[in-house]
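Could you walk me through this structure, from its overall build down to single residues? I would like to see how the parts fit together.

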Amino acid sequence: MQININDLSKIYPNGKKALNNINLEIGNGMFGLLGPNGAGKSSLMRILVTLMEPSTGTASFNSFDLHRDRKEIRSILGYLPQDFRFFSKLKTWEFLDYAASLAGIRSKQMRKNKVDEWLEKVGLFDVRERDANKLSGGMKRRLGIAQTLIGDPKIIIVDEPTTGLDPEERIRFRNILSEISQQDVSIILSTHIVGDISSVCNNLALLNNGELAFKGTPEALIEKAKGHVWQVSTSGYEYDLIKDKYAVVSTIPTQEGWDVQLIGDGSQLSNAIEIEPNLEHAYVYFMEKASETI
Ligand SMILES: Nc1ncnc2c1ncn2[C@@H]1O[C@H](COP(=O)(O)OP(=O)(O)OP(=O)(O)O)[C@@H](O)[C@H]1O
């Protein structure tokens, strides 16, 4: 699957420009869309899943065009929205059976096989007889994933998927997507949590205030932050000064004060040492840089 996004912009009726001239190429595998709240991620997702029209620009999914082939695009799409909720009285397996029939699986036996397969995959087989709306938060989220994926979509779009999940659930979720990403599918994972992306996405884009701040591999992003991440051991008094002047990524208490990791030019600080950036450092670095130019 190849998704091309060309000059896409979105201006809401109240004049808010949520997306400004976005250009992106997304191939097979997992693609991370990273950005703070309000960056424009949901607006972009909603356009790609044909729930909303862009103001200008277009996108294509292989040979399907966003404006011309909306029905065809929907037939190969699995979308898990940020606020996935259901108010059904169905049992867990019935809910998935219903999702499978909506996805066009007509044969009852085939649906049963698919439902059992997905109940196993997301770890809900043992609670299959439980009313879907009585599942725990994490289980509901997993049911959401299963209903998104049961029709074998070629394009999978998940918006802030790990919100409200505990660390174990997060890892389970990542593993499911990462397994599926080995096939001929494109998965777009939108999140403001760097950890959701770091281990699983080969490519990513950073959105900030409707603008594309970066696109490329996680390694390329990290490379750009080299020389801008510093660590310093400091007392309480100095810490306040540092907080005012630098973006602080982490603060670890020590016997004397704090070990602080910061973004900026740390060479001006006594005893500061330059450290190797990780993806979280690079993300903060880019957000800081972008906010300076706005
Ligand atoms: N229907 C709307 N009318 C006007 N402005 C909107 C509308 N929907 C979103 N916005 C604004 O557009 C900007 C981008 O919002 P969007 O929801 O796409 O961002 P996001 O990155 O998904 O953030 P979040 O994770 O908080 O949803 C925000 O400033 C938001 O307030």
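Here is a tour that starts with the whole chain and ends with a few backbone details.

Please keep in mind that this is a predicted model. The chain has 294 residues, and 38% of them are buried. Its secondary structure comprises ten helices and 14 strands. Along the principal axes, the C-alpha atoms occupy a box of roughly 70 × 45 × 35 Å. If you look at contacts between residues at least 6 apart in sequence, 67% of them link residues at least 24 apart.

Let's go inside next. In soluble globular proteins, nonpolar side chains tend to be buried together. In this chain, the largest nonpolar core contains 78 residues, and Phe 31, Leu 96 and Leu 189 have the most contacts inside it. Helix H10, residues 279–293, supplies the largest share of this core with eight residues. To get a feel for the packing, pick Leu 96 in your viewer. Setting aside residues up to four places away in sequence, Leu 96 touches Val 115, Trp 118, Leu 119, Ala 146, Gln 147 and Ile 150.

Leu 189, another of those core residues, leads us to the strands. A good place to begin is strand E7, which spans residues 155–159 and has five of its five residues buried. Which residues cover each face of E7? On one side you find Ile 155, Ile 157 and Asp 159, and on the other Ile 156 and Val 158, all of them buried. E7 runs parallel to strand E6 (residues 77–80), and four bridges join the two. Within that pairing, Leu 80 has Val 158 as its bridge partner. E7 also pairs with strand E8 (residues 186–191), again in the parallel sense, over five bridges. Here Val 158 stands opposite Leu 189. Between E7 and E8 the chain passes through helix H6, residues 167–180, and this β-α-β crossover is right-handed.

Now turn to the ligand. It is surrounded by 13 residues, and the closest are Tyr 12, Asn 37, Lys 41, Ser 42 and Ser 43. By character, this shell divides into three nonpolar, seven polar and three charged residues. Which helix gives the largest share of the shell? That is helix H1, residues 41–48, with three residues. H1 is also mostly covered, as six of its eight residues are buried. The buried ones are Lys 41, Ser 43, Leu 44, Met 45, Ile 47 and Leu 48. Lys 41 and Ser 43 therefore appear in two roles: both are among the residues closest to the ligand, and both count as buried, because each has 20 or more other C-beta atoms within 10 Å of its own.

Finally, a few backbone torsions are worth a look. After H1 comes Thr 50, with a positive phi near 65 degrees. Asn 21 is not a glycine, yet its phi is positive, about 55 degrees. Asn 21 sits in strand E2, residues 17–26. Is Asn 21 buried or partly exposed? It is partly exposed, because 14 other C-beta atoms lie within 10 Å. Asn 209, a residue other than glycine, also has a positive phi, near 55 degrees. Its place is the loop between strand E9 (203–208) and strand E10 (211–216). Asn 209 has 18 C-beta neighbours inside 10 Å, so it counts as partly exposed.

Notes. Residues numbered from 1 in each chain as written. Predicted model: local features only at pLDDT ≥ 70, side-chain atom pairs only at ≥ 80, totals over all residues. Core = buried A, V, L, I, M, F, W, Y, C linked by C-beta atoms within 7 Å. Buried ≥ 20, exposed ≤ 12 C-beta atoms within 10 Å, placed from the backbone. Contact = placed C-beta atoms within 7 Å. Near = placed C-beta within 6 Å. Nonpolar A, V, L, I, M, F, W, Y, C, P; charged D, E, K, R; others polar. Pairing = 2+ DSSP bridges. Right-handed = clockwise from strand over helix to strand, strands pointing away.
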